[in-house]
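Some comments on this entry follow, as numbered points. Please read them with the coordinates open.

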Amino acid sequence: MLDIRKIRENPDFYREHLARRNSGDEKLIAQVLALDEKRRKLLQESEALKSERNRTSKEIGAIKAKGGDIAEVSARMKAVGEQITRLDQDLAGIETEQTDLLLRIPNANHDSVPVGKTAEDNRIERIIGKPAEFSFKPKPHWEIGAQLGLIDLEAATKISGSGFIVFKGQGARLERALISYLLDLHTGQHGYTEISPPFMVRGECMIGTTQFPKFIDQQYAVTEEPPLYLVPTAEVPVTNLHREEILPADKLPIRYAAYTPCFRREAGAAGVGTRGLTRVHQFDKVELVHIVKPEESYATLETLVGHAERVLKELGLHYRVVSLCTGDIGFGAAKCYDIEVWAPGVGAWLEVSSCSNFEDFQARRMNLRYKNSEGKNIFCHTLNGSGLALPRLFIALLETYQQADGHILLPEPLQPYLGGLKKL
RNA sequence: GGACAGGUGGCUGAGUGGUUUAAGGCACUCGACUCGAAAUCGAGCGUACCCUUUAAAGGUACCGUGGGUUCGACUCCCACCCUGUCCGCCA
């Protein structure tokens with residue numbers, strides 16, 4: 001959520017930044033400012049009347065103590081009270097409207113974010129490794145996986161519909177191995193504290209991390225009373241762990257790593273780019289979350305990307321890091337790097353991680369602050385990135401390490417997690 | 001799910017309709033005393049918003065949450081939430 005006072009002070013700055021997102025949201029600035037003006041006018045009227053009532057009520061107390069007559073002044077204050085009630089009702093309506101609008105305005109982007117309209121305009125920061133070479137035509141993962149009995153997409157469709165995966169045998173074991181490997185790497189080498197959160201959360205959490213209100217139709221609701229939602233990413237429960245808190249400065253920075261399944265409705269139609277495991281309603285992911293002081297957040301973003309890249313380097317996978325342009329970047333992010341792994345079987349770059357700095361955009365929504373050295377309460381900056389998303393990592397492993405005889409070689413770091421197994 | 005108890009500032013703890021402007025204490029900050037410290041003494045010390053703005057001052061709201069009664073609610077009424085303890089159910 002943007003700071004209404006900053007919008008008030010510098011509306012052009014936000015109009016320009018939002019216009020670069022080409023989502024048309026810059027028009028909301030004028031709307032929110034109009035509401036804000038109305039709101040403050042009503043607030044001032046209401047507060048002036050309350051001030052009068054407070055003063056007069058004390059006088060009434062004094063008059064009564066002396067045995068005086070309060071009928072006339074009391075009646076007058078009753079009228080004032082009714083007027084206050086009316087004003088406050090109007091005010092509450094406008095405040096709700098304003099907050100709702102503010103929750104729908106996306107974040108302004110950092111100056112280093114490339115300006116552009118589509119994914120074509122994203123800036124490629126670096127390409128690491130080389131594409132795997134084959135003496136045969138590499139197969140897509142759904143063929144390899146079916147042949148080796150690692151996955152069964154038809155069974156998944158039968159029990160849950162399209163967009164679900166059944167892992168079987170060594171496939172299921174590989175999935176489990178990857179979760180352990182990723183958590184061990186990040187907690188052991190990168191200093192993260194492991195969190196195992198609930199997979200269902202309240203609506204407030206979804207507001208905090210920007211899924212609500214705008215993207216509510218992409219979420220699964222589980223119960224109606226109380227409303228609970230399946231997490232679309234561990235970002236939601238983990239970042240909200242400290243919602244409504246004022247953290248002591250020495251608790252920062254906070255680094256959490258969490259495995260959860262992720263549930264997404266992904267309204268998009270099936271077709272190219274959605275076959276196999278690339279785009280599913282439920283997938284596993286290890287997520288990295290940082291809560292930091294504002295002055296540290298951009299250095300932290302680079303560190304975070306490095307932690308995610310480390311996985312691909314260790315596993316010997318070919319990947320690139322892309323800086324998302326203003327037209328492609330997510331709603332809440334000020335800056336975002338995507339990490340894309342090369343999948344030789346399908347011949348495409350697949351997004352396996354999205355590392356974002358939200359600055360104080362999420363922190364404002366969840367009222368997450370820390371007390372600085374001067375004793376002031378300052379909104380924290382929050383960041384998160386996948387470390388990594390499992391199905392696409394699974395795809396890259398199958399397609400990159402496939403052999404002419406149909407088997408898959410396992411990269412060395414994974415072998416201990418599969419009981420020393422070297423190939424599938 | 002049932003019964004009982006409770007929810008007030010960073011902590012503790014008073015407060016049953018009007019000098020509550022939330023007492024007192026602890027902690028913290030500054031000052032005095034001291035070579036220094038402790039003790040003692042003095043002062044300060046919540047959050048958010050509004051107005052003004054170089055600043056200061058001022059206003060409003062906040063005692064679990066939301067309603068209600070009243071000129072006026074920490075205080076009275078209603079509903080709900082949470083915590084603790086016990087009971088029931090349960091992998």
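Which residue is the bridge partner of Val289 in β14? The points below start there; note that the model is a predicted one.

1. The bridge partner of Val289 in β14 is Asn384. On the β7 side, Val289 stands opposite Tyr256. Val289 thus has a named partner in β14, Asn384, and another residue facing it, Tyr256.

2. Strand β8, residues 282–292, pairs with β7 and with β14. Ten bridges join β8 to β7 (residues 254–263), and the two strands run antiparallel. Towards β14 (residues 381–389) there are seven bridges, and that pairing is antiparallel too. Strand β8 is mostly covered, with ten of its eleven residues buried.

3. The protein surface around RNA strand B is made up of 20 residues, of which Arg8, Arg40, Ser51, Ser57 and Lys64 come nearest. Of the RNA atoms that come within 4 Å of the protein, 74% belong to sugar and phosphate. Sorted by class, the surface near RNA strand B has ten charged, seven polar and three nonpolar residues.

4. Three side chains can be checked against the phosphates of RNA strand B. Arg5 has a polar side-chain atom 3.1 Å from a phosphate oxygen. For Arg369 the corresponding distance from a polar side-chain atom to a phosphate oxygen is 3.1 Å. In Asn54, a side-chain N or O atom is 3.3 Å from a phosphate oxygen of the strand. The elements that give two or more residues to this surface are α1 (4–9), α3 and α4 (71–103). Helix α3 supplies the largest share, 13 residues.

5. Helix α3 spans residues 27–65, and Ala62 is found in it. Ala62 is partly exposed, at 38% relative accessible area. Between the C-alpha atoms of Ala62 and Tyr319 the distance is 78 Å, and the two residues are 257 apart in sequence.

6. A search of the whole structure finds 18 salt bridges. Side chains of opposite charge can pair when their charged atoms come close. One of the bridges is within α3: the side chains of Arg40 and Asp36 meet at 3.3 Å, N to O. Because Arg40 and Asp36 are four residues apart in helix α3, about one helical turn separates them. Asp36 counts as buried, at 0% relative accessibility, while Arg40 is partly exposed, at 28%. Arg40 is also listed among the residues that come nearest to RNA strand B.

7. Lys214 and Asp25 form another salt bridge, with the closest N and O atoms 3.8 Å apart. This pair links distant parts of the chain, 189 residues apart: Lys214 is in the loop between α8 (203–208) and β4 (221–224), and Asp25 is in the loop between α2 (11–20) and α3. Is Asp25 buried or exposed? Asp25 counts as buried, with 9% relative accessibility. Lys214 is partly exposed, with a relative accessible area of 33%.

8. The salt bridge between Asp152 and Lys168 has an N to O distance of 3.8 Å. Asp152 lies in the loop between α5 (141–148) and α6 (153–160), and Lys168 in the loop between α6 and α7 (169–189), so the pair ties together parts that are 16 residues apart in sequence. Both side chains belong to partly exposed residues: Asp152 has 23% relative accessibility, and Lys168 has a relative accessible area of 38%. Elsewhere, salt bridges that share partners join Asp3, Arg5, Asp360 and Arg364 into one network. Arg5 in this network is also the residue with a polar side-chain atom 3.1 Å from a phosphate oxygen of RNA strand B.

9. How many disulfides does the structure hold? There are zero. For Cys336, the closest cysteine sulfur is that of Cys355, at 7.2 Å, which is too far for a bond; a disulfide would need the two sulfur atoms within 2.5 Å. Cys336 is buried, at 2% relative accessibility, and Cys355 is buried as well, at 0%.

Notes. Residues are numbered from 1 along each chain as its sequence is written. Chains are lettered from A and ligands numbered from 1 in the order in which they are written. This is a predicted model: local features need pLDDT of at least 70, side-chain atom pairs count only at pLDDT 80 or more; totals for chains, interfaces and linings use all residues. Side-chain values use heavy atoms; hydrogens and water are left out. Buried means under 20% relative accessible area, exposed over 50%, partly exposed in between (1.4 Å probe, protein chains only). A residue is near a molecule or strand if one of its heavy atoms lies within 4 Å of it. A polar contact is a pair of N or O atoms within 3.5 Å; within protein, one must be able to donate a hydrogen and the other to accept it, and residues adjacent in sequence count only if both atoms are side-chain atoms. Ala, Val, Leu, Ile, Met, Phe, Trp, Tyr, Cys and Pro count as nonpolar, Asp, Glu, Lys and Arg as charged, and the others, Gly among them, as polar. A salt bridge is a side-chain nitrogen of Lys or Arg within 4 Å of a carboxyl oxygen of Asp or Glu. Two strands pair if DSSP finds at least two bridges between them.
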